[in-house]
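Grab a pencil and work through these short exercises with the structure open beside you. Try each task before you read its solution.

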Amino acid sequence: MAVIAAAQATDGGWTWAQTAALIVPCIALFGAYLTYILNQRAVRRERRAKTFAEALRQLTDEVSAPLARMAFHQAWLQIEASAVVGPYATPVATARAEAGAQMSLAWDQPPITTDSGMNLGVPYPRDQSNAARAICIEVMRRHLGERS
């Protein structure tokens, strides 16, 4: 009872109840503002992260798409015909090694400044990957003959 009486002003002055009524909405507004700021910051961070990821994806798509397809086919062969996985992996590894060497050579060349500079002129050698591919095809043919 004494607390209630203390909270009520008999002389028309400012009370604790009035102070609390003013402070609570201010704290709520500050909390809402802080939540808004933090949410906006998280949204900006997520947008930047997506932008970075997209930029990296564009950089690697041209190289990683064929690698992903080769990995898919290698896994599929492992399931369907495990006897040809090794012969398939050999030309894949050989082609990757040849392509890597050719890419390194291309990076060492001066930048192309004319349209005609885009022409390779002489194809890069693919003797090892062609030989590995021929062996793989022969193994696959034998494997098909065994299943017939």
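**Exercise 1. Work out the order of the elements in this predicted model, starting from the N terminus.**

Solution. Step one: walk along the chain from the N terminus, and you'll meet the elements in the order α-α-α-α. Step two: tally them up, which gives four helices and zero strands.

**Exercise 2. Check whether the span of helix 3 agrees with its number of residues.**

Solution. Step one: helix 3 covers residues 85-108, so there are 24 residues to work with. Step two: take 1.5 Å a residue, counting one less than the number of residues, and the expected span comes out at 34 Å. Step three: compare that with the end C-alpha atoms, which sit 35 Å apart, so the two values agree.

**Exercise 3. Find the buried residues of helix 3, then look closer at V92 and Q102.**

Solution. Step one: recall the cut-off, since buried means under 20% relative accessible area. Step two: go along helix 3 and you should pick out V85, P87, Y88, P91, V92, T94, E98 and Q102. Step three: test V92, which has 11% relative accessibility and therefore counts as buried. Now look for A132, 40 residues away from V92 along the chain: the C-alpha atoms of the two are separated by 8.5 Å. Step four: test Q102, also part of helix 3; its relative accessibility is 17%, so Q102 is buried too. Skip the neighbours within four places in sequence, and Q102 is in contact with Y124, P125 and R126. Step five: zoom out to the whole protein, where 12% of the 148 residues count as buried.

**Exercise 4. Decide whether C26 and C136 are buried or partly exposed, and count the disulfides.**

Solution. Step one: C26 has a relative accessible area of 45%, so call C26 partly exposed. Step two: C136 comes in at 5% relative accessibility, so C136 is buried. Step three: the disulfide count for the structure is zero.

**Exercise 5. Describe the second largest pocket by its lining and its volume.**

Solution. Step one: list the lining, made up of A106, Q109, P110, I112, G117, M118, N119 and L120. Step two: sort that lining by class, and you get five nonpolar, three polar and no charged residues. Step three: add the volume, about 190 Å³ of space.

**Exercise 6. Which share of the contacts with a separation of 6 or more joins residues 24 or more positions apart?**

Solution. Take the contacts in the protein with a separation of 6 or more; residues 24 or more positions apart account for 61% of them.

Terms used. Residues numbered from 1 in each chain as written. Predicted model: local features only at pLDDT ≥ 70, side-chain atom pairs only at ≥ 80, totals over all residues. Heavy atoms only, no water. Helix = DSSP H or I, 4+ residues; strand = E, 2+ residues; numbered from the N terminus. Buried < 20%, exposed > 50% of the residue type's maximum accessible area, 1.4 Å probe, protein only. 1 Å grid on protein atoms, 1.4 Å probe; cavity = no way out; pocket = protein on both sides within 12 Å on 5 of 7 lines; lining within 4 Å. Points joined across faces, edges and corners; volume = space filled by probe spheres on them. Nonpolar A, V, L, I, M, F, W, Y, C, P; charged D, E, K, R; others polar. Disulfide = S-S within 2.5 Å. Contact = heavy atoms within 4.5 Å.
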